[in-house]
Amino acid sequence: MAAYVGARCGSGLINGLRTSFKCLAPVKLAAVATAVPLTHRLADNRCYSVGHQSVKERIDSKRRAALAGGGQRRVDAQHKRGKLTARERVELLLDPDSFVESDMFVEHRCSDFGMEQDRNKFPGDSVVTGHGRINGRLVYVFSQDFTVFGGSLSGAHAQKICKIMDQAMTVGAPVIGLNDSGGARIQEGVESLAGYADIFLRNVMASGVVPQISLVMGPCAGGAVYSPALTDFTFMVKDTSYLFITGPDVVKSVTNEDVTQEELGGAKTHTTVSGVAHHAFENDVEALLNLREFFDFLPLSNQDSAPMRESHDPSDRLIPSLDTIVPLESTKAYDMLDIILAIVDERNFFEIMPNYAKNIVVGFASMKGRTVGIVGNQPKVASGCLDINSSVKGARFVRFCDAFNIPIITFVDVPGFLPGTAQEYGGIIRHGAKLLYAFAEATVPKITVITRKAYGGAYDVMSSKHLRGDVNYAWPSAEVAVMGAKGAVQIIFRGKENQAEAEAEYVEKFANPFPAAVRGFVDDIIEPSTTRKKICRDLEVLASKKQMNPWKKHANIPL
């Protein structure tokens with residue numbers, strides 16, 4: 001509790017919660033208890049019968065019951081797990097007093113298995129929906145309430161989510177889903193499954209129209225996992241959130257594998273192994289505060305330009321440290337993040353999927369206050385080679401940026417695609433083509449900086465001039481060639497003597513930026529220290545860029 005209130009106050013976002021965890025439900029239920037006869041109250045102090053109340057009293061009673069969720073006992077259980085309630089999450093995520101709730105009085109319509117009884121009726125059902133503001137910008141939100149039937153999805157629950165998703169598309173605003181659900185509500189049978197399909201359809205229709213973000217803060221299993229999978233970004237909370245199609249018990253019965261929930265679908269699994277999730281946070285509070293920060297990088301819809309924010313970092317700032325950051329030895333590694341942090345505004349870089357496919361770096365930053373997407377090979381991991389996972393990671397990020405008018409800056413140091421039977425059998429040709437496709441299809445401003453190696457087909461793939469790159473730079477350390485000097489010499493001068501001299505000759509001729517520059521494949525060879533200055537200038541020029549692809553129903557990316 002102290003961590004929650006402290007974070008809320010200390011961040012300057014909200015002046016504390018209106019009530020503490022301990023007094024939250026009792027305070028809101030007190031008026032209900034005094035207004036309703038004893039015979040209409042249940043053990044947990046919630047009331048369901050309103051026959052002796054006026055219309056206004058009935059409205060107030062329902063509203064208070066909705067605010068109480070599943071009752072104090074279940075709220076306490078949620079807190080003991082280290083989790084916030086659905087309403088506490090919404091309050092922490094949004095600006096103070098900005099949340100406008102919708103469908104607070106909606107209840108499920110199931111009449112089977114005793115569900116029609118008053119004790120099984122909860123105003124608002126198992127999800128809180130509405131819209132609000134994050135740093136003054138409109139956003140639609142739904143937050144599943146685990147204290148009501150374990151957050152399970154009913155027809156009414158799905159209806160509420162679909163309504164705010166439709167509204168979000170109508171007005172052009174992002175959708176954030178806070179997932180904490182046990183899955184489909186079994187008592188409702190196929191109606192619950194239909195509700196999932198209704199949500200999936202809207203996820204697909206909204207894709208590329210408004211940004212969609214899923215924050216998984218509890219269990220999410222079975223068919224429910226496909227909604228986060230269809231959204232643009234999926235974040236998780238460590239130790240409390242799980243994503244899997246089938247749980248450990250089913251896995252054990254079918255494959256005889258012993259696996260825990262955490263191993264099967266925990267945050268670590270999905271941020272390091274599967275690539276399903278884009279980031280994981282320590283707890284609910286950290287996740288929600290980081291989500292507020294992340295939201296600032298995104299436009300509200302595909303009709304808006306990349307967001308602008310106030311920046312006190314001079315656009316013409318020189319960075320002398322970049323002149324010596326690339327080692328003289330071409331086989332020696334360096335950290336691409338050092339280059340990215342030095343160039344972007346105020347060293348503020350929100351990395352996406354930092355623990356998955358580490359041989360490529362993607363994320364959001366600002367240049368002269370304007371949001372940009374950053375893509376860069378990471379020489380520290382696998383020498384920056386492209387492989388299956390890094391190609392898919394990069395392609396999805398590039399396509400998001402292109403869909404939402406965010407300029408793309410690419411830093412290239414790539415010796416090629418990773419060789420080996422595992423990659424070939426896994427389909428590196430098909431998956432590598434995804435990254436090529438994404439860069440070629442993109443019509444947003446594209447600026448590329450070759451810092452060192454740009455070898456073979458990987459040179460083409462990494463936003464080269466040939467894929468409609470707008471501005472392509474090379475540093476003096478750049479090497480644009482079919483392959484490295486040693487390998488090339490072994491092929492060209494196979495069986496001949498003086499291979500050392502031949503290698504030196506090859507390096508002199510090809511292992512430098514001049515062959516590409518004289519052919520116009522790079523626009524300029526620049527001093528590394530001037531990189532930020534030139535990129536900021538180019539972004540200003542390209543702000544009015546207009547480029548269209550040929551009309552088509554849709555393209556056929558190699559999935």
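This presentation describes selected features of a predicted model, moving from its nonpolar cores to its aromatic residues, one helix and two loop residues.

Let me begin with the interior. The largest nonpolar core has 64 residues, and those with the most contacts inside it include Ile176, Leu215, Phe294 and Phe364. Helix α12, residues 284-295, supplies the largest share of this core, six residues. Another core, of 29 residues, lies apart from it, and Ile343, Val372, Phe411 and Ile535 are among its members.

I turn next to the aromatic residues. The count comes to 15 aromatic pairs. One of them joins Phe200 and Tyr226 in an edge-to-face arrangement, with 6.4 Å from centre to centre and 85 degrees between the planes. Because Phe200 lies in helix α7 (residues 190-206) and Tyr226 in helix α8 (residues 226-230), this pair ties together parts that are 26 residues apart in sequence. Is Tyr226 buried or exposed? Its relative accessibility is 45%, so Tyr226 counts as partly exposed.

Ring pairs also link a cluster made up of Phe233, Phe235, Phe281, Phe294, Phe297, Phe350, Phe364, Phe397, Phe400 and Phe404. Phe297 has a further partner: the charged end of Arg309 sits over its ring, 4.3 Å from the centre. Elsewhere, Lys83 lies over the face of Phe146, at 4.6 Å from the ring centre.

Let us now consider helix α13, which spans residues 336-343. Its residues Met336, Ile339, Ile340, Ala342 and Ile343 are buried. Why do these residues lie on the same side of α13? They do so because they cover an arc of only 165 degrees around the axis. As general background, an α-helix has 3.6 residues a turn, so residues three or four places apart point the same way. The buried residues of α13 pack against strands β10, β11, β12, β13 and β14, and against helix α21, residues 531-542. At the start of α13, a side-chain oxygen of Asp335 comes to within 2.9 Å of the backbone nitrogen of Leu337.

Finally, I should like to present two loop residues. Asp125 is not a glycine, yet its phi is positive, at about 55 degrees. Asp125 belongs to the loop between β1 (100-102) and β2 (127-134). With 3% relative accessibility, under the 20% limit, Asp125 counts as buried. Lys368, likewise not a glycine, has a positive phi of about 55 degrees and is found in the loop between β11 and β12. At 37% relative accessibility, Lys368 counts as partly exposed.

Key. Residues numbered from 1 in each chain as written. Predicted model: local features only at pLDDT ≥ 70, side-chain atom pairs only at ≥ 80, totals over all residues. Heavy atoms only, no water. Buried < 20%, exposed > 50% of the residue type's maximum accessible area, 1.4 Å probe, protein only. Helix = DSSP H or I, 4+ residues; strand = E, 2+ residues; numbered from the N terminus. Arc of directions from axis to C-beta. Contact = heavy atoms within 4.5 Å. Polar contact = N/O pair within 3.5 Å; in protein donor to acceptor, adjacent residues only side chain to side chain. Phe/Tyr/Trp six-rings, centres within 6.5 Å; stacked < 30°, edge-to-face > 60°. Lys NZ or Arg CZ within 6 Å of the ring centre and 35° of its normal. Core = buried A, V, L, I, M, F, W, Y, C linked by side-chain atoms within 4.5 Å.
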